[in-house]
Amino acid sequence: MFGKRKDRAGPGTHATGQDIELANSHELKEADGHQHKHHHPQFNHNGHKVTRGIHPDGESGRKGIHPHHFLRISARSTSKLSMVVNVLWPFVPVAIAIRYTHPEAHLWIFALNYIAMVPTANLIGFAGQELARKLPKVFGVLLETFLGGIVEIVLFMVLLRKNNDDPSDPDNYNNFVPVIRAAILGSILANVLLCMGFCFFAGGLRRDEQDFDSAISEVGSGLLLTAAFGLMIPAAFFTSLSGSTSIDLDAQGLTDKVVTISRVTSVILFVAFLLYVWFQMRTHHSIYDAVLEKDEARDHDRHKDLKKAKLTLTECILALVIAITFVCFHAIFLVEEIEYVVEEKGVSDSFMGLILVPLVEKVAEHLTAVDEAWDNQMNFALAHVLGATIQTALFNGPLVVIVGWGLGKAMDLNFEIFNAVILILAIIVAGNFLRDGKSNYLEGALCILIYIIIAVASFSYPNPNHGTAGTSEPAPSTGSEVEGGGHKLRFLR
């Protein structure tokens, strides 16, 4: 033993007892370090003792629920933009109250609940971010993105539950399937054009160019193209056969085949989403960890974010429960008035689904992503933008088809050609801007302008005079019909 210590001390030297003791101590520390190298430090940057299983960046230093801290931290939110949005919280009780006190005020109910969804969705986004801070980075980002999509899932489920496209029941005929289909594509457009555009624009205002890693952009672009291909197949199948005279297939038979193809496609897309999650969390998580850690080092406000007071784990869960509860109420009240807005106010299904619904459901994610781009965290911003888009295309959209299948509703992916062409062109544009791994304010402005053009076109797009958009199934012939833009609207009484 002593001979080994002498050799380690070097030729021509003599190891003293103190040298040996120090060497032994060093070996013990090294061994201890190897055993605990994956453990978090006992105290974080703010001097708070780190709870086992909680990441130091998300440690609040508290436990349980403290009402004063909970309200103060929630009001502060994630950024200045999000903090401004919290000013809209008074609309929440007003929107609920007017639904029960003045049920005949349809436009007011729609408008107030539309506005009230913004702060509640913002609270979901904030609580999701606080929860994500307490978890490993990749898993935290995925969970935060999923929680941000809860508003969308709730709206889709409420629309599907209220849908009644049975022509034999004209008194209760409400075909919300075209709105759901448009909302699926509208959510994708809002992310890849509007949100990504604002991220590029906001980040470009502070610096000439921003760069981002190919691990984020290439995987995201590839999955978007795959999703677009899958989503468009049912529409392409229907369009190619609907006008054919050489095939012996009636309208109902064609519709049934489209529904079947949509259901099989949804299951396959759902599998693709699970593979994407496995790819990021298990097999390639180290790549994404390194990319996100590098982004954190570039964060201009990181020192401020670390010093901010944080919610406890219990408070995060409480905030999510409160926000999701209110979102469900507002979603139900909002959907109930879509029929009135479409019939009486002349708002097309295309504009309702492509623009209005996605804007309110995605506001929290958009604010978070833009704030990250402003702070030079473009990889984080794109992770949220592309992650939310992939979730809509590979999970939320297929989910509503599968749930409709279980409820016996003919929910399909038979998008109208107008919407399908817009989606393909939008993904091509976004892919070109992502290809070089750099962004600037000009690219962001162009994305926003393209989105505005789409909004104008969808506002002018008339409702078809048949029961199901993209199909030849007729609507019920009884009841009152409202003329709009030269076409009969499908919502009948």
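The lining of the second largest cavity comprises 13 nonpolar residues and four polar residues, with no charged residue among them. The structure is a predicted model, and the description below covers this cavity and the nonpolar cores.

**The second largest cavity**

Seven cavities of 30 Å³ or more are counted. The second largest has a volume of about 160 Å³. Its lining consists of 17 residues, and those nearest the centre are Ile216, Tyr276, Gln280, Tyr288 and Ala383. Five helices, listed in the table, each give two or more residues to this lining. Helix H18 supplies the largest share, five residues.

| Helix giving two or more lining residues | Residue range |
|---|---|
| H7 | residues 137-148 |
| H10 | residues 214-242 |
| H11 | residues 251-283 |
| H12 | residues 285-298 |
| H18 | residues 378-407 |

**The nonpolar cores**

The largest nonpolar core contains 116 residues, and the members that touch the most others are Leu155, Leu231 and Met352. Helix H9, spanning residues 177-206, contributes the largest share of this core, 18 residues. A second core of eight residues lies apart from the largest one; Val92, Ile98, Leu112 and Ala116 are among its members.

Which residues are in contact with Leu231, leaving aside its neighbours within four places in sequence? The contacts of Leu231 are Ile188, Leu269, Ala393, Leu413, Phe415 and Leu423.

Methods:
Residues are numbered from 1 along each chain as its sequence is written. This is a predicted model: local features need pLDDT of at least 70, side-chain atom pairs count only at pLDDT 80 or more; totals for chains, interfaces and linings use all residues. Side-chain values use heavy atoms; hydrogens and water are left out. A nonpolar core is a set of buried Ala, Val, Leu, Ile, Met, Phe, Trp, Tyr and Cys residues joined through side-chain atoms within 4.5 Å. Buried means under 20% relative accessible area, exposed over 50%, partly exposed in between (1.4 Å probe, protein chains only). Helices (H or I, at least four residues) and strands (E, at least two) are DSSP runs, numbered from the N terminus. Contact means heavy atoms within 4.5 Å. On a 1 Å grid over the protein atoms alone, a cavity is a set of points where a 1.4 Å probe fits but cannot get out, and a pocket is an open set with protein on both sides within 12 Å along at least five of seven lines; lining residues have an atom within 4 Å of a point. Grid points are joined across faces, edges and corners, and a volume is the space filled by probe spheres set on the points. Ala, Val, Leu, Ile, Met, Phe, Trp, Tyr, Cys and Pro count as nonpolar, Asp, Glu, Lys and Arg as charged, and the others, Gly among them, as polar.
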